[in-house]
Amino acid sequence: MRKVCRMNDNVNIAKTVMFVLTHKCNLHCTYCYQNHAARDLRCMDVEFVKEKIVEVFRTTSTNKIYFDFIGGEVFTEWPRFKQICEWIMEGQRPIPYAITVSTNGTLITEEIKTWMRHHKDKVFLSLSLDGDDPMQNVNRGTNKYSIDYKFFFETWPSQGIKMTLSAQTIPYLARGIQYLHTYWNLGENLSVLPENFENPISCNLAYGIDLSSGNYFDLKRELIKLIDFYMGDGVNYFPSSILNVDFTYFKFDKNDYKVCKYCGAGTNVVCYDVDGRTYPCQFFIPLTMSPKHLKILPNFSFAGDVRDPSCRNCQIETICPTCYGHNFKKNFNPFIRDKSLCIFTKLILLANCILQAKRILRKAVKRDAELFTLKVIDYLYPILSKDIETFESSIRTIES
Ligand code: SF4
Ligand code: SF4
């Protein structure tokens, strides 16, 4: 199960209704946050899904609804999924909608491809692909499957791919991203993403994995290689999300600023598990959380103050990505962030400062957002450099 989230509650007025279609999955990805030992074969009742969809259309006022089907792996239940989609598409629906699925791509048959090509304007598949074949295999053990990457890129060119980095694949980050850009031509000749385009390569560190100082130095080396790539042979590619953080969310003055949620969990997102119970998003279902977690979950309001008091003095608070599900699993409080990730976040943001400044400065004409980004970089670069230097010298002291 890979995490797929529409980011930032503030800018997204669409609603996402998630249905955990099945707990079944044919893979055992190393970074999966679901408890594989607890995995069962349960599936969602088709009539229940239909009832909920009717209710959502009747009770929701929004500009768009995403019906997001997740698992496990949704395509272990292809006939069930198809039946639901055909039912949704047959009816007259009062609000624009899209049906979305994140898939590992290993179970897509010719029959599914033909059906998908026919319905590609309403049903969107996102392929989760973790780099080149050795990287995929280390993370997901996919070498016995044949995945038709071309089918995904040709059918939904705007969807991009979702690449998750595990501790084992961090040392190959640059190679994996270059492979996806150059072999599959992802993001070529895009200087700005057209509306409704996902990042061609959405790449993030997996949540819930143990990261060491060795991983930190591997990541640093790989980010430097990637910066060189995006300034050299890859200059015509739209950078992967790991080096394309949106600095326009940065706030210079945080005093009156209400920290908004990073995603729509619990507000713009609702997730139905296979038994029909609801959760803030797919991360909170019992396949991931313990009974102890689930007992205290109702104590937290996702519509209220989500600020972590201990982040108040951190300069990057407004652009620091966080996952409330991961926080909850780790700290028994969705709003207390995982501080073991701080130095990795700072390293990634520092690499963003370097690459984004280089790419913007070489442009003759700069957009307003780019001018603001340069201002943010000017402010953040010395702060981040100092934090990085302090961390690295503490590691050197420990090692000497
Ligand atoms: S980097 Fe760490 S301290 Fe700063 S906002 Fe993120 S989680 Fe909080
Ligand atoms: S809490 Fe985490 S998994 Fe859930 S929607 Fe937010 S970022 Fe995604």
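Visitor: Leaving out residues up to four places away in sequence, which residues does I319 touch?
Guide: Keep in mind that we're looking at a predicted model. I319 itself belongs to the loop between α8 (291-296) and α9 (324-331). Once residues up to four places away in sequence are set aside, the contacts of I319 are V245, F247, Y249 and F250.

Visitor: What distance separates the C-alpha atoms of I319 and T248?
Guide: Along the chain, I319 and T248 are 71 residues apart. In space, their C-alpha atoms are separated by 8.8 Å.

Visitor: Is I319 buried or exposed, or something in between?
Guide: Let's count C-beta atoms: I319 has 19 others within 10 Å. Being called buried takes 20 or more, and being called exposed takes 12 or fewer. That's why I319 comes out as partly exposed.

Visitor: How many of the residues of α9 are buried?
Guide: The buried ones are Y324, G325, H326, N327, F328 and K329, and part of what covers them is α8. α9 is mostly covered, then, and the tally for its 8 residues is 6.

Visitor: Which residue with a positive phi follows α9?
Guide: Go past the end of the helix, which spans 324-331. The phi there is positive, near 60°, and the residue that follows α9 is F332.

Visitor: Which charged residues are around ligand 1?
Guide: By class, the shell has 5 nonpolar, 1 polar and 4 charged residues. The nonpolar part is C311, C314, I316, C320 and C342, while the polar one is T345. That leaves the charged part: D308, E317, R337 and K339.

Visitor: How many helices and strands does the protein chain have, and how does its radius of gyration compare with the globule rule?
Guide: The chain's secondary structure comes to 11 helices and 8 strands. For 400 residues the globule rule gives 21 Å, and the chain is close to that, so it is as compact as a globular protein of that length. The radius of gyration is 21 Å.

Visitor: What share of the contacts with a separation of 6 or more is between residues 24 or more positions apart?
Guide: For the setting, the C-alpha atoms fill a box of roughly 60 × 45 × 45 Å along the principal axes, and 39% of the 400 residues count as buried. Among contacts with a separation of 6 or more, residues 24 or more positions apart account for 82%.

Visitor: Which strands stand at the edges of the sheet?
Guide: Read the order across this open, mixed sheet of 8 strands: β6-β5-β4-β3-β2-β1-β7-β8. Each edge strand has a single partner, so one side of each lacks a neighbour in the sheet. The two are β6 (201-205) and β8 (278-279).

Visitor: Which residue of β7 stands opposite M18?
Guide: Strand β1 (residues 15-20) and strand β7 (residues 269-272) run parallel and are joined by 4 bridges. Look across from M18 and you'll find C271.

Visitor: Why is β4 called largely enclosed, and which of its residues are buried on the face with F124?
Guide: In a regular strand the side chains alternate between the two faces of the sheet. In strand β4 (residues 123-128), 6 of the 6 residues are buried, so it is largely enclosed by the rest of the structure. One face has V123, L125 and L127, and the other has F124, S126 and S128.

Visitor: Which residue of β5 stands opposite S128?
Guide: β4 has parallel company on both sides: 5 bridges pair it with strand β3 (residues 97-103), and 2 bridges join it to strand β5 (residues 161-165). On the β3 side, T100 stands opposite F124. On the β5 side, the residue opposite S128 is K162.

Visitor: Which hand does the β-α-β unit of β3, α3 and β4 have?
Guide: The two strands, β3 and β4, pair in the parallel sense. With helix α3 (residues 110-118) between them in the unit, the hand is right-handed.

Visitor: N185 and N189 both have a positive phi; how does each count for exposure?
Guide: Neither N185 nor N189 is a glycine, yet phi is about 60° for each. N185 and N189 both belong to the loop between α6 and β6. With 13 C-beta neighbours inside 10 Å, N185 counts as partly exposed; with 8, N189 counts as exposed.

Visitor: Which two residues does a cis peptide bond join?
Guide: Head for the loop between β2 (65-70) and α2 (78-90), where G72 is found. With omega at about 20°, the cis bond joins G71 and G72.

Definitions and conventions:
Residues numbered from 1 in each chain as written. Chains lettered and ligands numbered in written order. Predicted model: local features only at pLDDT ≥ 70, side-chain atom pairs only at ≥ 80, totals over all residues. Near = placed C-beta within 6 Å. Contact = placed C-beta atoms within 7 Å. Pairing = 2+ DSSP bridges. Right-handed = clockwise from strand over helix to strand, strands pointing away. Rg over C-alpha atoms; globule rule 2.2 N^0.38 Å.
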